[in-house]
Amino acid sequence: YGEKPDIVREKSAELYEKAKQYFPGGVNSPVRAFKSVFGTPLFIEKGDGCRLWDADGNEFIDFCCSWGPLILGHNHPKIREKVIEVMQNGMSFGAPTSLETELAELIVKNNQFLEKIRFTSSGTEAVMSAIRLARGATKRDKIIKFEGCYHGHSDSLLVKAGSGLVTFGETSSAGIPKAFADDTIVVSLNDKNALKEAFSQFKDQIACVIIEPVPANNGLLLQDKDYLEYVRSICTENGALLIFDEVISGFRVGFEGAAGYYQIQPDIITYGKIIGGGLPVGAYGGSSEIMSNISPEGSVYQAGTLSGNPVAMAAGIAQLTELAKSGFYKELNNKTEEFTASIQRYAASKNYKFKVFTIGSIFWFAFTDMEKVQTSEAIDPASMDKFKSMHRELLNRGIYFGPSGYEVGFISAAHSKMDLEKAKRAIFDCLDIVFKN
Ligand code: PMP
């Protein structure tokens with residue numbers, strides 16, 4: 001018990017110095033730089049099951065899981081074997097393969113909210129294409145997004161977004177032409193009136209409303225079902241399309257994602273992360289009618305040299321095959337519920353100003369006493385100091401969280417009860433330290 005010495009970071013520090021010569025900030029994606037926590041990143045060497053090892057040989061139980069894709073844990077043998085099998089025949093053809101159809105079939109046959117999909121190489125591309133599709137199908141330009149929802153880094157969507165932007169205290173990116181930002185209308189989550197006003201102010205101009213139905217990039221801002229139903233109905237009334245960005249929630253809160261969880265039919269759904277089993281994949285889909293607007297059937301253009309890449313498809317097929325098995329989500333979600341409830345009980349017993357929000361196998365630690373946190377404005381930026389010290393204490397006890405208090409944690413099927421028990425004890429100790437200081 002008590003504060004522990006910092007883990008050794010010599011090799012990581014060396015690797016970081018070298019990386020800084022070649023990459024801005026030494027990284028290829030901003031949050032990885034650990035800028036808002038320890039200040040220098042850990043370089044990872046290996047992952048297996050729920051565990052990670054860094055370059056200095058430190059071992060961690062991983063609750064970041066590559067930011068969500070690894071729902072079966074690291075280096076899952078079924079995924080690895082399938083990828084190796086497929087790779088024996090070559091790695092990219094730029095031509096159709098049966099693997100694409102196999103993965104699409106797995107997704108569509110088990111999901112009543114979709115009829116056709118198109119694969120991309122990232123979540124960003126999937127969302128960017130979905131927006132273009134909505135604009136093309138409705139022949140309207142404006143879009144509505146919500147403050148704190150992150151939808152990847154395409155121009156129209158980097159306005160009041162969460163994720164790395166909020167982590168670094170800037171919610172919109174530089175380099176977005178004013179004309180793009182003007183077509184992106186941003187409203188607060190959980191505010192029916194704001195949405196209604198936006199629709200009346202821009203009558204017949206709104207192509208789509210895009211939302212993370214499980215907003216998970218600016219804390220976990222769980223919305224009421226009633227609110228999401230309102231979002232659905234106001235879109236329908238105004239001839240705007242509803243896009244559910246399920247890059248995180250898809251195949252995470254259940255096989256049918258948030259659409260299935262809330263039983264709400266969006267017009268377009270975007271996916272990423274889990275469907276690639278750890279390889280770069282994204283997808284967007286909807287009814288056959290809406291998807292018929294996509295080239296070469298329709299006039300909305302979208303393409304990709306590596307779209308539907310066979311190696312990535314193989315990983316997706318292997319992973320989704322496991323997820324489609326009966327009982328998979330029940331077990332994973334129960335395990336998560338037990339874990340988070342017991343942390344919540346501990347914090348409550350000590351009167352700590354701390355809440356754990358959770359859905360499916362996603363969870364978020366919030367340094368607050370609010371019963372619900374449903375808007376980005378409800379998060380006190382000062383509470384991130386607590387996360388910062390907690391993050392360091394966790395690493396020192398072999399527990400790896402994503403390096404930002406605005407990001408959520410994930411539990412995988414590879415986290416055993418024993419791993420979770422061990423992690424819980426470390427978390428209790430860290431809470432004691434953070435709230436003592
Ligand atoms: N949408 C959501 C909801 C996301 O969480 C993310 C990534 N975290 C993206 C889109 C972008 O996906 P990618 O990083 O694969 O481009």
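Student: Is Lys-273 buried or exposed, and how many other C-beta atoms lie within 10 Å?

Tutor: The general idea is a neighbour count: a residue is buried if 20 or more other C-beta atoms, placed from the backbone, lie within 10 Å of its own, exposed if 12 or fewer, and partly exposed in between. Lys-273 has 27 other C-beta atoms within 10 Å, and therefore counts as buried. Please keep in mind that this is a predicted model, in which local features need pLDDT of at least 70 and side-chain atom pairs count only at pLDDT 80 or more, while totals for chains, interfaces and linings use all residues. Residues are numbered from 1 along each chain as its sequence is written.

Student: Which feature does UniProt place at Lys-273, and where in the fold is Lys-273 found?

Tutor: An unreviewed UniProt entry places "modified residue: N6-(pyridoxal phosphate)lysine" at Lys-273; UniProt positions are given in the numbering used here, feature names are shortened, and annotations may be inferred rather than shown by experiment. In the model, Lys-273 sits in the loop between strand E9 (268–271) and strand E10 (282–286), where helices (H or I, at least four residues) and strands (E, at least two) are DSSP runs numbered from the N terminus.

Student: With which residues is Lys-273 in contact, leaving aside its neighbours within four places in sequence?

Tutor: A contact requires that the C-beta atoms of two residues, placed from the backbone, lie within 7 Å. With those sequence neighbours set aside, the contacts of Lys-273 are Gly-68, Pro-69, Gly-123, Val-247 and Ile-248.

Student: Which residues come nearest to the ligand, and which helix gives the most to its shell?

Tutor: A residue is near a molecule if its C-beta atom, placed from the backbone, lies within 6 Å of it. There are 16 residues around the ligand, and Ser-122, Gly-123, Thr-124, Gly-152 and Val-247 come nearest. Helix H4 (residues 123–138) gives the most to this shell, with three residues. By residue type, the shell holds five nonpolar, nine polar and two charged residues, where Ala, Val, Leu, Ile, Met, Phe, Trp, Tyr, Cys and Pro count as nonpolar, Asp, Glu, Lys and Arg as charged, and the others, Gly among them, as polar.

Student: What do the confidence scores say?

Tutor: The per-residue score is pLDDT, the predictor's confidence in each residue, from 0 to 100. Where pLDDT is low, the predicted coordinates should not be read in detail. Here the protein chain averages a pLDDT of 96, with 97% of the residues scoring at least 70, and the model scores ipTM 0.99 and pTM 0.97.

Student: How should I read the two sides of a helix, and which residues of helix H1 are buried?

Tutor: One looks down the axis and asks what arc is covered by the directions from the helix axis to the C-beta atoms. In H1 (residues 10–22) the buried residues are Ser-12, Leu-15 and Tyr-16; they fall within an arc of 105°, so they line one face of the helix. These residues pack against strand E2 (51–54), whereas the face turned away from them carries the exposed residues Glu-10, Glu-17, Lys-18 and Gln-21. Glu-10, with 9 other C-beta atoms within 10 Å, lies 8.6 Å from Ala-55, C-alpha to C-alpha, although the two are 45 residues apart in sequence.

Student: Which residues of helix H2 are buried, and against what do they pack?

Tutor: In H2 (residues 77–87), Ile-79, Lys-82, Val-83 and Val-86 are buried; they cover an arc of only 100° around the axis, which puts them on the same side of H2. They pack against helix H3 (98–109) and H11, while Pro-77, Glu-81, Ile-84 and Glu-85 are exposed on the other side.

Student: What is unusual to look for in backbone angles, and which residues does the cis peptide bond join?

Tutor: One looks at omega for the peptide bond and at the sign of phi for each residue. A cis peptide bond, with omega about 10°, joins Ser-295 and Pro-296, and Pro-296 lies in the loop between helix H10 (288–291) and helix H11 (310–323). Asp-204, which is not a glycine, has a positive phi of about 60°; it is found in the loop between helix H7 (192–201) and strand E7 (206–211), and counts as exposed with 11 C-beta neighbours inside 10 Å. Gln-263, also other than glycine, has a positive phi near 55°; it lies in the loop between helix H9 (257–262) and E9, and is partly exposed with 13 such neighbours inside 10 Å.
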